[in-house]
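This report introduces a protein structure to a reader who has not met it before. Please keep the sequence and the model in view while reading.

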Amino acid sequence: MSYRVPKVLPTTVVGSYPKFPIAKEALKKHYKGEISSEEFEKMIKEAIRLAVEDQIKAGVDIISDGEQRREDMEVYFAERMEGFVVGNKPEDWVRIFDNVHYRKPVVVGKIRWKGPMTLTDWKYATEYAQGRPVKAIITGPYTMADWAFNEYYGDKKELIIDLAKELHKELKALYDAGARYLQVDEPALSTHPYKEDIEITKEALSIVFQGMDDAKKIVHICHGRVEKLFPDLLEFPVDQFDLEFVNNNFKLLEAIKEYDYASSGKELGYGVIDIHSKKVESKDFVKNAIYKVLEIMPPEKVYVKPDCGLKILGDRDIAFNKLKVMVEATKEVRKELGYEE
Ligand SMILES: [Zn+2]
């Protein structure tokens, strides 16, 4: 079954979706050793089916697996790669931002990829996607390093480059399976918008994405002062930045304009849905937001999506309704601009 992604203003998601009860239960029981791995797998697959079904029902063009299996974006990968240890005691929990806490991993040895970590879920989602492309999403080397304690590598750069080499293997496995929208999440980068960190990340990303030029190479950044990363971001070896805009009241558009993002030829993942507010946006709000970006970006380079992952909303109905409004508003704009559905 093939699905045609619209040539202008395609809609997409950043990745996570509120956890379905069946995923929560599966993770809890799995953690306590109360279910077989077959049973666990079945429950996770069902949660992914539900997440995919919601996105299709909302009309999203490029979807995700909803990250139903992932405890969070750091620990999930740290627990599955050699070189990390992840504690389990109360003192191992630290705060990243807002009220988001996680178990901070410690790097104690050379980082090594042991085998695919996200491929099974990407395949499950693809199986249910009715031809829609499914984004392959991994946490990037900079963020993996930044959100861990380093007790092994001489300096942070060495750790980041080794992570990049190993995460490349993960992305390559997804690419080889057919994934053509490849997203690397680097939320930590905007919290340290310093020249040196930006340079290291640029080098690391060229390693992660190596040899995948016929795929969309996407980097998602949020949480911090993204405007401080310009103009250096425009030199990154990627096709698209997926950024947040509602969260900064669309102030980031000033940087997009000032640094002439449009001339870089890169695509822009444009956040029009607030993931920190349970209030569902109005269609007019989303339409106005889209018209605002179209003053400085061509419509075929803009992907409409929420600011960040929807998991934090914690409520499936709210997440679904937000996606639905986002798609409806985008379709109206496409029509008003004279593009046929
Ligand atoms: Zn984000």
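The sections below treat the metal site, the sheets, the helices and some individual residues.

## The model and its zinc site

The structure described here is a predicted model. The zinc ion has three protein donors, His220 (NE2), Cys222 (SG) and Cys308 (SG), which lie 2.1 to 2.2 Å from the ion. Along the sequence, these donor residues follow the spacing H-x1-C-x85-C. Cys222 belongs to the loop between strand E8 (216-221) and strand E9 (240-243), whereas Cys308 belongs to the loop between strand E11 (302-306) and helix H10 (316-336), so the pair ties together parts that are 86 residues apart in sequence.

Are the two cysteines, Cys222 and Cys308, buried or exposed? Both Cys222 and Cys308 are buried.

## The six-stranded sheet

An open sheet is formed by six strands in the order E5-E7-E8-E9-E10-E11, with parallel pairing. Its edges are strand E5 (136-139) and E11; each has a single partner strand, so one side of each is left without a neighbour in the sheet. From one strand to the next, the twist averages 25°.

At one edge of this sheet, E5 pairs with strand E7 (residues 181-185) in the parallel sense over four bridges. Within this pairing, Ala136 has Leu182 in E7 as its bridge partner. In a regular strand, side chains alternate between the two faces of the sheet. Both faces of E5 are covered: Ala136 and Ile138 are buried on one side, and Ile137 and Thr139 are buried on the other.

Elsewhere in the sheet, E9 and strand E10 (residues 267-273) pair in the parallel sense, also over four bridges. Phe241 stands opposite Leu268 in E10. Helix H9 (residues 283-294) lies across E10 and E11 and runs at about 155° to E10.

## The three-stranded sheet

A further open sheet consists of three strands in the order E1-E4-E6, and its pairing is mixed. Here strand E1 (81-85) and strand E6 (149-150) stand at the edges; each has a single partner strand, so one side of each is left without a neighbour in the sheet. Strands of a sheet pair through backbone hydrogen bonds, either parallel or antiparallel.

The pairing of E1 with strand E4 (residues 106-113) is antiparallel and extends over four bridges. Met81 has Trp113 in E4 as its bridge partner. Helix H6 (residues 156-176) lies across E1, E4 and E6, at about 40° to E4.

## Two crossing helices

Helix H2 (residues 37-58) and helix H4 (residues 119-128) have axes that come within 9 Å and cross at roughly 50°. That angle makes H2 oblique to H4. The crossing of H2 past H4 is right-handed.

Which residues form the contact between H2 and H4? From H2, the residues Glu41, Ile44, Lys45, Ile48, Arg49, Val52 and Ile56 take part. They meet Thr120, Asp121, Tyr124, Ala125, Glu127 and Tyr128 in H4.

## Three residues in their surroundings

Val293 is located in helix H9. With a relative accessible area of 0%, Val293 is buried. Leaving aside residues up to four places away in sequence, Val293 touches Leu253, Leu268, Tyr270 and Val302. Of these contacts, Leu268 is also the residue in E10 that Phe241 stands opposite. The C-alpha atoms of Val293 and Phe250 are 9.2 Å apart, although 43 residues separate them along the chain.

Ile22 lies in helix H1 (residues 21-31) and is partly exposed, with a relative accessible area of 24%. Outside the residues up to four places away in sequence, Ile22 touches Met43, Glu46, Ala47 and Leu50. Between the C-alpha atoms of Ile22 and Gln68, 46 residues apart along the chain, the separation is 9.4 Å.

Arg112 lies in strand E4 and is partly exposed, with a relative accessible area of 39%. Again leaving aside residues up to four places away in sequence, Arg112 touches Met81, Glu82 and Glu166. Arg112 and His30 are 82 residues apart in sequence, and their C-alpha atoms are 25 Å apart in space.

Technical notes: Residues numbered from 1 in each chain as written. Predicted model: local features only at pLDDT ≥ 70, side-chain atom pairs only at ≥ 80, totals over all residues. Heavy atoms only, no water. Donors = N, O, S within 2.8 Å, 3.2 Å for Na, K, Ca; no water. Buried < 20%, exposed > 50% of the residue type's maximum accessible area, 1.4 Å probe, protein only. Pairing = 2+ DSSP bridges. Axes fitted to C-alpha atoms, helices over the stretch in contact; angles between N-to-C directions. Contact = heavy atoms within 4.5 Å. Parallel < 35°, antiparallel > 145°, perpendicular 65-115°, else oblique. Left-handed = near helix turned anticlockwise from the far one by under 90°.
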